[in-house]
Amino acid sequence: MARGGPKLHHERRQQLGQSFQDGGEHYERVRPGYPEESAGWLIPPGAQDAADLGAGTGKFTALLVGHGLRTVAVDPSADMLEQLRRTLPGVAAVEGTAENTGLEPEAFDLVTVAQAWHWCDPLLASTEIARILRPHGVLGLIWNQLDTSVPWVHRLSRIMHAGDVHKPHFRPTVGPEFTGLQSHLTRWEDPVTTEDIMELAKSRSYYLAAPQGTRTKVLGNLDWYLHGHLGHAPGGILRLPYLTQTWRAFRT
């Protein structure tokens, strides 16, 4: 079985995942999008229909729509989906989970899960995704993460408690319904201010689930690191390095 991802017990995974139920507007405003290259690599030739599970506010959904796919967005948070409907009014958005989508069987050529597979039960979700995929359809798993090979970003990730930064040998777990797991890596930079980074920290599950005292400590440490230690001026632009890990597997 694959190893190397964040190790979360079921109860803790549920607790942290629940922290995203509200705050769709903030999430949409501060979280980065995904590189076009990721979607282009995932989408199989001739694909017409896609489902984006754990779609959140539609960050990855927008790329699928941009490629002309008829796309259904699924997320357990009504607040996130409300924001998605504002941003992508032509997309069908339904409440559900990767383990129980409520979608029709064999209806999609591609099913994607961006920044959410670690909140899922991978085996139950694989079974459900195989059910809604057409034969030889593609499962796509996508993660944005800070590029911690850059020393100042590595320390930043620790201060932010960016716990979903994968180890070098990471491979996502998928069920026996899928084969041919392949990966693609995109390196890119997001131009942000130090204030943007502070807001980004507020959108992470660790911060959202933490008591007020812990939140105050995280923000204080970030203020010291960005302005005092690194010497960035408030409002100035810095380029925050990211990696996007994209994985695909094929329905057997």
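**A walk from strand to helix**

In this predicted model, strand S5 covers residues 133–146, and His-136 is part of that strand. His-136 is a good place to start looking around. Its relative accessibility is 64%, and since anything over 50% is called exposed, His-136 counts as exposed. The backbone here deserves a look too: the phi angle of His-136 is near 70°, a positive value in a residue other than glycine. To see why that catches the eye, remember that most residues other than glycine have a negative phi.

Now look from S5 to its neighbour. Strand S4 (108–114) is joined to S5 by 6 bridges, and the two strands run parallel. You can find one pairing yourself: the bridge partner of Ala-114 is Ile-142 in S5. S4 also pairs with strand S1 (residues 49–53), again in parallel, this time through 4 bridges. Here, Ala-51 has Val-111 of S4 as its bridge partner. How many residues of S4 are buried? The answer is 7 of its 7 residues, so S4 is mostly covered.

Just ahead of S4 comes a loop that links strand S3 (92–95) to S4, and Glu-106 sits in this loop. Like His-136, Glu-106 has a positive phi without being glycine; its value is near 50°. Is Glu-106 buried, exposed or partly exposed? With a relative accessibility of 43%, Glu-106 counts as partly exposed, because the cut-offs for that class are 20% and 50%.

Further along the chain, strand S6 spans residues 178–193, and Thr-193 belongs to S6. Thr-193 has a relative accessible area of 13%, so this residue is buried. What does Thr-193 touch? Leaving aside residues up to four places away in sequence, Thr-193 is in contact with Gly-235, Gly-236, Ile-237 and Leu-238.

Finally, let's turn to a pair of helices. The axes of helix H7 (residues 151–160) and helix H10 (residues 212–229) come within 9 Å and cross at roughly 160°. Because of that angle, H7 is roughly antiparallel to H10. The crossing of H7 with H10 is left-handed. On the H7 side, the contact is made by Trp-152, Arg-155, Leu-156, Ile-159 and Met-160. From H10 come Val-218, Asn-221, Leu-222, Trp-224, Tyr-225, Leu-226 and His-229. Sorted by character, the residues in this contact of H7 with H10 are 9 nonpolar, 2 polar and 1 charged.

Note on methods: Residues are numbered from 1 along each chain as its sequence is written. This is a predicted model: local features need pLDDT of at least 70, side-chain atom pairs count only at pLDDT 80 or more; totals for chains, interfaces and linings use all residues. Side-chain values use heavy atoms; hydrogens and water are left out. Buried means under 20% relative accessible area, exposed over 50%, partly exposed in between (1.4 Å probe, protein chains only). Contact means heavy atoms within 4.5 Å. Axes are lines fitted to C-alpha atoms, for helices over the stretch in contact, and angles run from 0 to 180 degrees between N-to-C directions. Angles under 35 degrees count as roughly parallel, over 145 as roughly antiparallel, 65 to 115 as roughly perpendicular and the rest as oblique. A crossing is left-handed if the near helix is turned anticlockwise from the far one by less than a right angle, and right-handed if clockwise. Ala, Val, Leu, Ile, Met, Phe, Trp, Tyr, Cys and Pro count as nonpolar, Asp, Glu, Lys and Arg as charged, and the others, Gly among them, as polar. Two strands pair if DSSP finds at least two bridges between them.
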